[in-house]
Amino acid sequence: MTAVLVLEDGRIFRGEAFGALGTGLGEAVFTTGMTGYQETLTDPSYHRQIVVQTAPHVGNTGWNDEDDESAGIQVAGYVVRDPSRSASNWRSTGSLGDALREQGIVSVAGVDTRALVRHLRERGAMRAGVFSGPDLADDDVLVRRVLDSPRMEGSDLYGAVTTREPYVVPASGPTRFRVAALDVGIKSNTPRMLAQRGIETHVLPASTSIEEIEALAPDGFFLSNGPGDPATADGPVALTRAVLERRIPLFGICFGNQILGRALGRGTYKLPYGHRGINIPVIEHATGRVAITSQNHGFAVEGEAGEEFDTPVGRARVTHTCPNDGCVEGLAALEVPAFSVQYHPEAAAGPHDAADLFDRFVSLMAGED
């Protein structure tokens, strides 16, 4: 059965229906990871995006009950070259295609993903739609449906993925610290990484107030990853400023890096096609150390490598950048206990080069950093 991917500039890629039938509208982006498709699909940072896999063969290990990064698949659509015809892994409980169908994710297979990725690299990430089954129509009708969908710029999406009620992830073993984690799209592996270090994590809705934070008497405050345009995150930014003023040790990742950047007075901007993959280099300027990182972001904080700047809470510094394009990859306040990175130290799947950042957070809470 035919399925099509329609881009807002009128380019159309035809393939076969895969997953659910119908319509999926979002921003077309590509990820270069050759593994970890289940973690990618369930990452809340991909909310309302149509993900294109550059790896040609996808679905080999099926789908399991252990690797989800959230309560379900988050993407608006999925595009692959060659889905595996069978799943082969001892943990597999079903196929990738079954999971997509059961969760209503409209997908397309058999697409020339190399040509598609080159197009997105040259033209940038853009609005798109995946159409199949009864929702197929004339090309001009489908292009109009895509053009009528909202842009990613100005999209407030973290409210769609945040937890509705607070919950607690206990420490593994004795509790050393209590952390208040603002959920603007948190991945399941993050509280697990904190738990391994003796941290009890209170995962909180994005609408949480500073009074509610103070009532927990946390040893630290964590800003999670998440979807959408950070320019819309005025509530989390205001909360972060209040946390900084109270000198509560703070660590942020991905969307959290952008929230901290805004709280420190920096602007944000949209990247042409973003950073999405598990082999993206980052330079730490204090040491010259290069880490290979997992990333998933389409926006970035304004700044230059090693730059120091004034903020409402004292001086701050751009601590990390990406050598590929100079994008800001890390920030640190110099007069209050706060730092952040644009990448994912909890990477799953992905490299573990940056896992020690959780240890740095522990040191910050212990007053050692």
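Let's start where the two halves of the story meet: between domain 1 and domain 2 there is 1 salt bridge. Keep in mind as you look around that this is a predicted model. Alongside that salt bridge, domain 1 and domain 2 share 10 residue pairs in polar contact, counting pairs with both residues at pLDDT 80 or more. On the domain 1 side, the elements that give two or more residues to the touching face are strand S3 (23–31) and helix H3 (113–123). S3 gives the most, with 4 residues. Sorted by class, that side of domain 1 has 7 nonpolar, 11 polar and 6 charged residues.

Now step back to see the domains themselves. Domain 1 runs over 2–148, and domain 2 over 158–366. Their centres, taken over C-alpha atoms, are 28 Å apart. Domain 1 brings 24 residues to the contact, and domain 2 brings 20 residues. How much area do domain 1 and domain 2 bury between them? The figure is about 1800 Å², with 48% of it on carbon and sulfur atoms. Three residues are worth finding on the domain 1 side: Pro 44, Ser 45 and Glu 69 supply 31% of the area that domain 1 buries against domain 2, more than any other three residues.

Next, the charged pairs. Side chains of opposite charge can pair when their charged atoms come close. Across the whole structure, a search turns up 18 salt bridges. One of them joins the side chains of Lys 270 and Glu 27, with N and O 2.7 Å apart. Another pairs Asp 148 with Arg 144, where the closest N and O atoms are 3.5 Å apart. Is Asp 148 buried or exposed? Asp 148 has a relative accessible area of 56%, so it counts as exposed. Its partner Arg 144 sits at 46%, which makes it partly exposed.

Glu 200 and Arg 178 also form a salt bridge, with their closest N and O atoms 3.4 Å apart. This pair links distant parts of the chain: Glu 200 belongs to strand S12 (residues 199–204) and Arg 178 to strand S11 (residues 177–182), 22 residues apart. Arg 178 is partly exposed, at 31% relative accessibility.

Then look for Arg 262 and Asp 234, a salt bridge whose closest N and O atoms are 2.9 Å apart. Arg 262 is in helix H9 (residues 255–263) while Asp 234 is in helix H8 (residues 234–245), so the salt bridge ties together parts that are 28 residues apart in sequence. The two ends have different surroundings: Arg 262 is buried at 19% relative accessibility, whereas Asp 234 is partly exposed at 48%. Salt bridges can also join up, and here Glu 308, Asp 310, Arg 315 and Arg 317 are linked in a network of them.

Helix H9 deserves a longer look. How many of the residues of H9 are buried? The count is 9 of 9, so H9 is mostly covered. Besides Arg 262, the buried residues of H9 include Phe 255, Ile 259 and Leu 260. Following the helix comes Gly 265, whose phi is positive, near 95 degrees.

Phe 255 leads us to another glycine. Gly 228 lies in the loop between strand S13 (220–223) and H8, and it is buried, with 13% relative accessibility. Gly 228 and Phe 255 are 27 residues apart in sequence, and their C-alpha atoms are 8.6 Å apart in space. Leaving aside neighbours within four places in sequence, Gly 228 is in contact with Met 152, Ser 155, Leu 157, Phe 255 and Phe 299.

Leu 260 of H9 takes us to the last stop, Phe 339. This residue is in strand S20 (residues 338–341). Phe 339 is buried, with a relative accessible area of 1%. Which residues touch Phe 339, once neighbours within four places in sequence are left aside? Among them are Leu 260, Leu 250, Phe 251, Gly 252, Leu 331 and Ala 332. The contacts of Phe 339 also include Leu 357, Arg 360, Phe 361 and Leu 364. For a sense of distance, Phe 339 and Thr 175 are 164 residues apart in sequence and 23 Å apart in space, C-alpha to C-alpha.

Terms used. Residues numbered from 1 in each chain as written. Predicted model: local features only at pLDDT ≥ 70, side-chain atom pairs only at ≥ 80, totals over all residues. Heavy atoms only, no water. Salt bridge = Lys/Arg side-chain N within 4 Å of Asp/Glu carboxyl O. Buried < 20%, exposed > 50% of the residue type's maximum accessible area, 1.4 Å probe, protein only. Domains from an automatic or database assignment. Contact = heavy atoms within 4.5 Å. Buried area = accessible area lost by both parts, 1.4 Å probe. Polar contact = N/O pair within 3.5 Å; in protein donor to acceptor, adjacent residues only side chain to side chain. Nonpolar A, V, L, I, M, F, W, Y, C, P; charged D, E, K, R; others polar.
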